[in-house]
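Thanks for making the time this morning. I would like to walk you through one structure, beginning with a single residue and widening the view from there.

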Amino acid sequence: MKAFVFPGQGSQFVGMGKNLYENNPLAKELFDKADEILGFKITDIMFAGTDEQLKQTNVTQPAVFLHSVITALCLGEEFQPDMVGGHSLGEFSALVAVGAISFEDGLKLVAARANAMQKACEANPGTMAAIIGVPDEKVEEICAAVTAAGHTVVAANYNCPGQLVISGTTEGINQACEQLKAAGAKRALPLKVGGAFHSPLMQPAKDELQAAIEQTAFTAPKCPVYQNVDGKPHTDPAEIKANLIAQLTSSVRWTASVQAMIADGANDFTECGPGKALQGMIGRIDRAVAVRGIE
């Protein structure tokens, strides 16, 4: 069975989507429509901007979404998933690709999400760090201890066995990293991100995005969507909406999502969009499945 998966923020690169735009009429039409919807020429930044321009949250998230969704739509009859999933932002790409949200509404939600997250980052400054080589339970234990001492830090992204990203206040991240190194972490590496994504510090963004999601029309997707908040398949529009709202302050349970897809029969994974991050994670979760990417 075939699973298509969609990457999140961090997979962007200058030049992304340019080849599609120049060689596929549908891609050109959708990219031009995106420029109109967003009110600025995101295509100029994607195709020939600077790394700094592309790193801005209000650009990065729509850019990765557009590249991923347009790639899927340009596959035409070749895009026949039995199930889909997306990593954080990628969940929006997955939902549009399988018809749960329209392209226009999906892009508007992603833009609203990016702007809400940027404001939350400014109101509640924080950061994230990648932790390598420590059992999940130990990471959770140390995060809980640091939080109890007054500095919020949580397990944010369960990417694959032995790789977990934590999120919280800068002081909380610093303390947790020190304690995790002492507990045997191979690496406890602060990430260059704009804020504490997938943590309680994103509550203002969640409140803002909730209103936008509740006003958006969702329909049943053409196949199950394995969502970040619980790693389980969903087809009910009301459930999908609720999970999408919860996602901003909840952990990304990517390992559980991939394991659930495999348990449900997936043996062929295609990453649809920029980069190869998900291919690497899936390979570490289960080496027996076929993994490829389409950019």
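Let me start at Lys 232, which you will find in the loop that runs between strand S7, residues 225-226, and strand S8, residues 233-234. Before going further I should say that what you see is a predicted model, and everything I describe is computed from that model. If we set aside residues up to four places away in sequence, Lys 232 touches Val 225, Tyr 226 and Gln 227. For a sense of distance, take Lys 55, which is 177 residues away from Lys 232 along the chain: the C-alpha atoms of these two lysines are separated by 31 Å.

One of those contacts leads us to another residue, because Gln 227 also appears among the contacts of Asn 243 when neighbours within four places in sequence are left aside, together with Val 229, Asp 230 and His 234. Asn 243 itself belongs to helix H11, which covers residues 237-246. Is Asn 243 buried or exposed? Its relative accessible area is 12%, and since anything under 20% counts as buried, Asn 243 is a buried residue.

Let me now step back to the chain as a whole. It contains 13 helices and 10 strands, and its radius of gyration is 18 Å, close to the 19 Å that the globule rule gives for 295 residues, so the chain is as compact as a globular protein of that length. Measured out along the principal axes, if you will allow the phrase, the C-alpha atoms fill a box of roughly 55 × 40 × 35 Å. Of the 295 residues, 53% count as buried, and the chain exposes about 12,100 Å², of which carbon and sulfur atoms supply 50%. Looking at contacts between residues at least 6 apart in sequence, 74% join residues that are at least 24 apart. As for charge, there are 23 positive and 32 negative side chains, and the centres of the two sets lie 5 Å apart.

What, then, is inside? In soluble globular proteins, nonpolar side chains tend to be buried together. In this model the largest nonpolar core has 60 residues, and those with the most contacts inside it are Phe 6, Phe 65 and Leu 66. The largest share of this core, 9 residues, comes from helix H7, which spans residues 103-123. There is also a second, separate core of 18 residues, and it includes Val 134, Tyr 158, Ala 176 and Cys 177.

Two helices deserve a closer look. How many of the residues of helix H6, residues 90-97, are buried? The count is 8 of 8, so to speak of H6 as mostly covered is fair, given that buried means under 20% relative accessible area. Those buried residues include Glu 91 and Ser 93 as well as Phe 92, Leu 95 and Val 96. Just after H6 comes Gly 99, which takes a positive phi of about 80°.

The other helix is H12, residues 254-263, whose buried residues are Trp 254, Thr 255, Ser 257, Val 258, Ala 260 and Met 261. These buried residues pack against several elements, among them strand S1 (2-6), strand S2 (83-86), strand S4 (153-160) and strand S9 (268-272), as well as helix H13 (277-285). Strand S7, where we began beside the loop of Lys 232, is also one of the elements that the buried residues of H12 pack against. Just after H12 there is again a glycine with a positive phi, Gly 265, at about 115°.

Positive phi values also turn up in residues that are not glycine, and I would like to show you two. Ser 88 has a positive phi of about 60°; it sits in the loop between S2 and H6, and at 11% relative accessibility Ser 88 counts as buried. His 198 has a phi near 55°, and its place is in the loop between strand S6, residues 187-190, and helix H10, residues 203-214. With a relative accessible area of 4%, His 198 is buried as well.

I will finish with Thr 127, which lies in strand S3, residues 127-132, and which counts as buried at 13% relative accessibility. Which residues does Thr 127 contact, leaving aside its neighbours within four places in sequence? Among them are Ile 166, Ser 167, Gly 168, Thr 170 and Ile 173, and further along the chain Leu 191, Val 193, Gly 195 and Ala 196. Thr 170 is 43 residues from Thr 127 in sequence, yet the two are 5.6 Å apart in space, C-alpha to C-alpha.

Key: Residues numbered from 1 in each chain as written. Predicted model: local features only at pLDDT ≥ 70, side-chain atom pairs only at ≥ 80, totals over all residues. Heavy atoms only, no water. Helix = DSSP H or I, 4+ residues; strand = E, 2+ residues; numbered from the N terminus. Rg over C-alpha atoms; globule rule 2.2 N^0.38 Å. Buried < 20%, exposed > 50% of the residue type's maximum accessible area, 1.4 Å probe, protein only. Contact = heavy atoms within 4.5 Å. Areas by Shrake-Rupley, 256 points an atom, 1.4 Å probe, with all protein chains shown as cover. Lys, Arg positive; Asp, Glu negative; His and termini not counted. Charge placed at Lys NZ, Arg CZ, Asp CG, Glu CD. Core = buried A, V, L, I, M, F, W, Y, C linked by side-chain atoms within 4.5 Å.
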